[in-house]
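Take a walk through this chain with the viewer open. Start with a single side chain, then work outward to the sheet and the rings.

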Amino acid sequence: MRLRRLERECRRLIADVEVPEPFDLSAFLSYVAARRGRDLHLHPQPAPAGAPCGVWLATDTADHVFFAAGTDPMHRRHIILHEIGHILCDHRAPGLVLPDLDPATVARVLLRSTYSAPQEQVAEMIATMISERALRAPEPRSADPLLQGLHEALIPGPAHGLR
């Protein structure tokens with residue numbers, strides 16, 4: 001999928017998603033759970049080499065996000081947000097990934113393993129967009145109109161499409 005088209009599609013998909021300010025992952029996950037009307041559980045797991053760093057498993061009653069526990073906090077958050085991207089889009093696995101699990105219990109399983117699949121690209125872009133919204137700090141304001149005007153002239157902001 002072309003980058004601009006991907007960005008437009010993802011902005012449309014998450015236009016009504018509320019991201020708390022200041023960002024709090026627990027509050028955001030509670031929001032996602034309430035929006036879906038089902039529980040959402042996080043499961044930190046060791047991630048052996050070659051294993052996916054994130055997995056979303058949807059059962060009949062809850063969403064479960066498994067993520068690599070041994071990475072730095074920003075990477076962990078991104079992995080979780082990537083899986084949330086799948087959840088928000090209600091992505092479906094192309095085939096039964098874990099054949100030993102009862103299909104009546106497990107509705108969907110998505111493994112984060114390749115970024116070439118369109119669903120993976122969408123989930124990755126959504127994770128990035130939510131992270132950008134989460135990290136966006138309010139513009140500093142100066143009480144001095146001259147300093148504020150100088151700041152606005154020198155630091156590109158929303159009017160320049162850079163925030």
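In which helix is the place of H86? H86 sits in helix α3, which spans residues 73-89. Keep in mind that this is a predicted model.

Is H86 buried or exposed? Its relative accessibility is 0%, so H86 counts as buried; the cut-off for buried is under 20%. The side chain of H86 has a polar contact there. The partner is the side chain of E120, at 3.1 Å.

Now step back to the whole chain. It has five helices and four strands. Read from the N terminus, the order is α-α-β-β-β-α-β-α-α. The chain counts 163 residues, and 35% of them are buried. About 9,900 Å² of the chain is exposed, with carbon and sulfur atoms supplying 58% of that area. Sequence distance matters for the next number. Take the contacts between residues at least 6 apart in sequence: 60% of these join residues at least 24 apart.

Next, the strands. Begin with β3, residues 62-68. Six of its seven residues are buried, so strand β3 is largely enclosed by the rest of the structure. Two other strands pair with β3, and they can be taken in turn.

Strand β1 covers residues 39-45. Seven bridges join β1 to β3, and the two strands run parallel. To find one of these pairings on screen, select H43: its bridge partner in β3 is F66.

Strand β2 covers residues 54-59. How does β2 run relative to β3, parallel or antiparallel? The two are antiparallel, joined by five bridges. They form a hairpin, with two residues between β2 and β3. Two positions help to place the pairing. L57 has H64 as its bridge partner in β3. W56 stands opposite V65, also in β3.

How many of the residues of β2 are buried? The count is six of six, so strand β2 is mostly covered by the definition of buried as under 20% relative accessible area. Check the two faces separately. On one side lie G54, W56 and A58; on the other lie V55, L57 and T59. Every one of these residues is buried, and both faces of β2 are therefore covered, given that same cut-off of under 20%.

Turn to the aromatic rings. The structure holds two aromatic pairs. One of them joins F23 and F28. Their ring centres are 5.9 Å apart, and the planes meet at 45 degrees, a tilted arrangement. Both F23 and F28 are buried. Y31 belongs to this group too: ring pairs link F23, F28 and Y31 into a cluster.

Last, the cysteines. How many disulfides does a search of the whole structure find? The result is zero. C10 is in no disulfide, and its nearest cysteine sulfur belongs to C89, 6.7 Å away. C89 is likewise in no disulfide; for C89, the nearest cysteine sulfur is that of C10. Why does this pair not count? A disulfide needs sulfur atoms within 2.5 Å, so a separation of 6.7 Å does not qualify. C10 has a relative accessibility of 0% and therefore counts as buried.

Definitions and conventions
Residues numbered from 1 in each chain as written. Predicted model: local features only at pLDDT ≥ 70, side-chain atom pairs only at ≥ 80, totals over all residues. Heavy atoms only, no water. Phe/Tyr/Trp six-rings, centres within 6.5 Å; stacked < 30°, edge-to-face > 60°. Buried < 20%, exposed > 50% of the residue type's maximum accessible area, 1.4 Å probe, protein only. Contact = heavy atoms within 4.5 Å. Areas by Shrake-Rupley, 256 points an atom, 1.4 Å probe, with all protein chains shown as cover. Polar contact = N/O pair within 3.5 Å; in protein donor to acceptor, adjacent residues only side chain to side chain. Pairing = 2+ DSSP bridges.
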